[in-house]
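Hi,

Here is the structure I promised to pass on. Have a look at it first; my notes on what turned up are underneath.

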Amino acid sequence: MAVPADYVPVQFHEFGIDEENGKEVHEQRETKLKNFSIYDSVQEVKHREQEELVSAIRQYGEKVADGYEWHFEGDCPIVAAYDYDEPCDVVILAVRVSNDGRITIIGDEKNDRGNEHEIDADDIFAGHIDFITSEIE
């Protein structure tokens, strides 16, 4: 079924008791949401995950000159991220948090190892920074 790009079908359900006969009623109607975007919700999830990562690094990481670091060994966490503007799996090797809260993530593309480089925390897919945080302790 073809629909306009701004059409997101939503079903609303209402339950209650009919005042006239006392019977249970269920009304269902469909509508659409115009200008619906999940961008703000995704950004909120990403920023909350980043805050939790900063807290974990500060609590469990190694103190360095201007912040804290955590280096992964063995099985490193893998996240989905935009690396060089292409989505891919990235092996996370280290995370650093500066005293002012700036996050530096060092990773390496899973399928093209040997090119360690900085990954911007905002380029990691929503819900994936938790894979990093859960490996820190």
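The largest nonpolar core in this predicted model has 24 residues, and L53, V95, I105 and I132 make the most contacts inside it. Five elements each give the core at least two residues: α1 (39-60), β5, β6, β7 (103-109) and α2 (129-133). The largest share is that of β6, with seven residues. If you want one residue to click on, try I132: beyond its neighbours within four places in sequence, I132 touches L53, F72, P77, V79, I92, V95 and I124. That fits the usual pattern, as nonpolar side chains in soluble globular proteins tend to be buried together.

As for the overall layout, the chain has two helices and eight strands, in the order β-β-α-β-β-β-β-β-β-α from the N terminus. Of its 137 residues, 31% count as buried. Among contacts between residues at least 6 apart in sequence, 46% join residues at least 24 apart.

β6 is worth a second look for its pairing too. Strand β5 (residues 78-83) runs antiparallel to β6 (residues 86-98), with six bridges between them, and I78 sits opposite V91. The two strands form a hairpin with two residues in between, and Y84 in that turn has a positive phi of about 55°.

Now for the charges. Which residues are linked in a network of salt bridges? They are D66, E69 and R96. The D66 to R96 pair comes to 2.4 Å, N to O, and joins the loop between β3 (62-64) and β4 to strand β6, 30 residues apart. R96 also bridges to E69, with the closest N and O atoms 2.1 Å apart; here strand β6 is tied to strand β4 across 27 residues. E69 counts as buried because its relative accessibility is 18%, under the 20% cut-off. By contrast, D66 is partly exposed at 39%, and R96 is partly exposed at 24%.

There are five salt bridges in total. Another one of them is R102 with E118, at 3.3 Å between the closest N and O atoms. This pair connects the loop between β6 and β7 with strand β8 (residues 117-119), 16 residues apart. R102 is partly exposed at 46%, and so is E118 at 44%.

A word on confidence before you dig in: mean pLDDT for the chain is 85, and 81% of the residues reach 70 or more. Among the elements, strand β4 (residues 67-71) has the highest mean at 97, and strand β2 (residues 24-32) the lowest at 65. Where pLDDT is low, the predicted coordinates should not be read in detail.

Cheers

Key:
Residues numbered from 1 in each chain as written. Predicted model: local features only at pLDDT ≥ 70, side-chain atom pairs only at ≥ 80, totals over all residues. Heavy atoms only, no water. Pairing = 2+ DSSP bridges. Helix = DSSP H or I, 4+ residues; strand = E, 2+ residues; numbered from the N terminus. pLDDT = per-residue confidence, 0-100. Buried < 20%, exposed > 50% of the residue type's maximum accessible area, 1.4 Å probe, protein only. Contact = heavy atoms within 4.5 Å. Core = buried A, V, L, I, M, F, W, Y, C linked by side-chain atoms within 4.5 Å. Salt bridge = Lys/Arg side-chain N within 4 Å of Asp/Glu carboxyl O.
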